[in-house]
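User: Could you take a close look at one part of this model for me? I would like to understand the charged side chains that pair up, and what lies around them.

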Amino acid sequence: MRIITLTCPNCGTIEAANELEKRRVMKCPGLNCEEILRFEDLSEDEQEYFLEHREQYRID
């Protein structure tokens, strides 16, 4: 399992790939940050890996 995250370019908040994939487009959860984060902001390799191994990233 790889840890796949995206760092907000505006405030540095780190968001997990599974949250990005679930929502596809979301406002950064960082305090007072208005940046929009997208699953597509992950590299193609990270997106592909995550989608191929989605069951490993499920949180119960």
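Analyst: Happy to help; here is a walk through the salt bridges, then the helix and core beside them, and finally the cysteines.

A word on the ground rules: this is a predicted model, where local features need pLDDT of at least 70 and side-chain atom pairs count only at pLDDT 80 or more, while totals for chains, interfaces and linings use all residues. Residues are numbered from 1 along each chain as its sequence is written, and side-chain values use heavy atoms, with hydrogens and water left out.

Side chains of opposite charge can pair when their charged atoms come close. Here a salt bridge means a side-chain nitrogen of Lys or Arg within 4 Å of a carboxyl oxygen of Asp or Glu. The count by that rule is six.

Let us begin in helix H1, residues 17-23. Helices (DSSP H or I runs of at least four residues) and strands (E runs of at least two) are numbered from the N terminus. Arg23 pairs with Glu19, with 3.1 Å between the closest N and O atoms. These two sit four residues apart in H1, so about one helical turn separates them. For accessibility, buried is under 20% relative accessible area, exposed is over 50%, and partly exposed is in between, using a 1.4 Å probe and protein chains only. Arg23 is partly exposed at 47%, whereas Glu19 is buried at 19%.

Another residue of H1 reaches further along the chain. Glu21 forms a salt bridge with Arg54, the closest N and O atoms being 3.3 Å apart. This pair links distant parts of the chain, since Arg54 lies in the segment after helix H2 (44-52), 33 residues from Glu21. Glu21 is buried at 15% relative accessibility, and Arg54 is partly exposed at 40%.

A further bridge joins Glu40 to Arg24, at 3.7 Å from N to O. Again distant parts of the chain are linked: Glu40 is in the loop between strand S4 (36-38) and H2, and Arg24 is in the loop between H1 and strand S3 (25-27), 16 residues apart. Both residues are partly exposed, Glu40 at 44% and Arg24 at 32%. Through shared partners, salt bridges join Glu21, Arg24, Glu40 and Arg54 into one network.

Now for H2. Its buried residues are Gln47, Tyr49 and Phe50. They cover an arc of only 165° around the axis (taken from the directions from the helix axis to the C-beta atoms), so they lie on the same side of H2. The face turned away from that side carries the exposed residues Glu44 and Glu52. H1 is included in what covers the buried residues of H2, where contact means heavy atoms within 4.5 Å.

Both helices also feed the largest nonpolar core, a set of buried Ala, Val, Leu, Ile, Met, Phe, Trp, Tyr and Cys residues joined through side-chain atoms within 4.5 Å. This core has 14 residues, and Ile4, Leu20, Leu37, Leu42 and Phe50 have the most contacts inside it. Beyond its neighbours within four places in sequence, Leu42 touches residues including Ile4, Leu20 and Gln47.

Finally, the cysteines: there are zero disulfides, meaning pairs of cysteine sulfur atoms within 2.5 Å. The closest cysteine sulfur to that of Cys28 is in Cys11, 3.7 Å away, so it is too far for a bond. For Cys33 the closest is in Cys8, also 3.7 Å away and too far for a bond.
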